[in-house]
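User: Please take a close look at the charged pairs in this structure, and then carry the account on to the parts that can be linked with them. A connected answer, in prose, would suit me best.

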Amino acid sequence: MRIEQLQYLAAVTQHGSLRRASERLHLSQPALSEAISKLERELGVTLLDRRRSGARISRDGRELLQHMVEVLEAVDRLKVAAGDRSARSRQVRLGTVNAATTTLLVPAIARVQAEHPETNLELLTLQQPDIDQGLLEGSLDLGLVNVLGGDDPPVDLVGTDLVHGRPVVVLPTSHPLAARSHVTVDELREERFVAMRAGYLMHRFAHRIFGASVPAGWHSTDGAEMGKTLVAEGLGVTLLPDYSVVGDPLERAGLITTRPIAGDQTVVTLVLRQRSAATVSPQVRALRTALVEAAREYAGSQAS
């Protein structure tokens, strides 16, 4: 067994296919596949499920993944101790549903960049099921997801509640409903609605409050950022957690505003997820700490 074989498997897990991993590693795909096959024969387990859509880590591979990560982390620590500066740099992959980008994520990134400049971040906008799957498979280090009360956390993942908020109506500042103290569900039904696509929590929430009678005009989009842009351009109204709008550049510019939903007391929580019992690198730990601190500061600003 060679360290390179573990690194190859980690790359395939991270990038989702042998082809993309081979491109990142500057290694031919046949050579990469053969190196992992040799590791599989040596360990006596199938580490990858090879499909036309890509290669995913197998169930046996997932059970061994944490041990492999610990080996690679130990190698990195050895290199750092020996003075290898390149080993200090590690890319941290975070999946996000695009919630609280301005409120939490941007301040956390700024803190990590200032205090740990050797850390490189890759931010991926994904739907919640894809984030959970990426965390379980090891292709993501951390995930930011929205959760409604009563939602059960996935097995083998642990979560840290960062911010509690309420779903609110997001509309152009010039919209007639902006003059109201709150907006009713019936009033929402009369508007062109910008919905999050299926797979996002706010898609599920919208169907919960509308029931069988949904707005006749209905756009669907991926993520809060595109939703807020469409609202700012006057193309509809949407529903988002309040912490995804507070402090947003479009709100600060006076282009969008929010109003509570009449009679609704739903609580939505932004949760930071990671694999349970996972050994995390100093870089991952730094980003996690920065997100928790940003959440604490946001909560304090809202309370004052």
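Analyst: Glu 34 and Arg 41 form a salt bridge in which the closest N and O atoms are 3.0 Å apart, and it should be said at once that this pair, like everything else described here, is read from a predicted model. The two partners do not fall into one exposure class, because Glu 34 is partly exposed, with a relative accessible area of 35%, whereas Arg 41 is exposed, its relative accessible area being 56%, above the 50% cut-off. Glu 34 belongs to helix α3, which runs over residues 29-43. Glu 34 can also be placed against a residue remote from it in sequence, since Gln 5 lies 29 residues away along the chain, with the two C-alpha atoms 9.8 Å apart in space.

The pair of Glu 34 and Arg 41 belongs to a wider set, for the count of salt bridges comes to eleven. Among them is the one between Glu 115 and Arg 111, where the closest N and O atoms are 3.5 Å apart. Both residues are in helix α5, and because they are four residues apart there, about one helical turn separates them. In exposure, Glu 115 counts as partly exposed at 49% relative accessibility, and Arg 111 is likewise partly exposed, with a relative accessible area of 30%.

Another of these salt bridges joins Arg 296 to Glu 293, and here the closest N and O atoms are 2.4 Å apart. These two residues lie in helix α11, which spans residues 282-303, and because they are three residues apart in that helix, about one helical turn lies between them. Glu 293, at 25% relative accessibility, counts as partly exposed. Elsewhere, salt bridges with shared partners join Glu 225, Lys 228 and Asp 248 into one network.

One member of that network, Lys 228, leads on to another part of the model, since it is among the residues in contact with Ser 244. Ser 244 itself lies in the loop between β10 (237-241) and α10 (249-252). Ser 244 is buried, because its relative accessible area is 5%, and the limit for that class is under 20%. Leaving aside neighbours within four places in sequence, the contacts of Ser 244 are Asn 98, Ala 99, Ala 100 and Lys 228.

Two of those contacts, Asn 98 and Ala 100, deserve attention for their backbone. Most residues other than glycine have a negative phi. Asn 98, however, has a positive phi of about 65° although it is not a glycine, and Ala 100 also has a positive value, near 55°. Asn 98 is placed in the loop between β3 (91-96) and α5, and Ala 100 lies in the loop between β3 and α5 as well. Both are buried: Asn 98 counts as such at 13% relative accessibility, while Ala 100 has a relative accessible area of 1%.

Helix α5, which follows that loop, covers residues 101-115 and includes Thr 103. Thr 103 is buried, with a relative accessible area of 11%, whereas Arg 111 in the salt bridge described above is partly exposed. A polar atom of the Thr 103 side chain lies 3.2 Å from the backbone oxygen of Val 246. Once residues up to four places away in sequence are set aside, Thr 103 touches Tyr 243, Val 246 and Tyr 298.

A last feature in which charged residues take part is the second largest pocket, which holds about 430 Å³ of space. Its lining is made up of 23 residues, and those closest to the pocket's centre are Gln 14, His 15, Gly 16, Arg 20 and Ser 139. The elements that contribute two or more residues to this lining are α1 (3-15), α2 (18-25), β2 (54-57), β4 (120-125) and α6 (128-137). Sorted by class, the lining has eight charged residues, alongside nine polar and six nonpolar ones.

Definitions and conventions
Residues numbered from 1 in each chain as written. Predicted model: local features only at pLDDT ≥ 70, side-chain atom pairs only at ≥ 80, totals over all residues. Heavy atoms only, no water. Buried < 20%, exposed > 50% of the residue type's maximum accessible area, 1.4 Å probe, protein only. Polar contact = N/O pair within 3.5 Å; in protein donor to acceptor, adjacent residues only side chain to side chain. Contact = heavy atoms within 4.5 Å. Salt bridge = Lys/Arg side-chain N within 4 Å of Asp/Glu carboxyl O. 1 Å grid on protein atoms, 1.4 Å probe; cavity = no way out; pocket = protein on both sides within 12 Å on 5 of 7 lines; lining within 4 Å. Points joined across faces, edges and corners; volume = space filled by probe spheres on them. Nonpolar A, V, L, I, M, F, W, Y, C, P; charged D, E, K, R; others polar.
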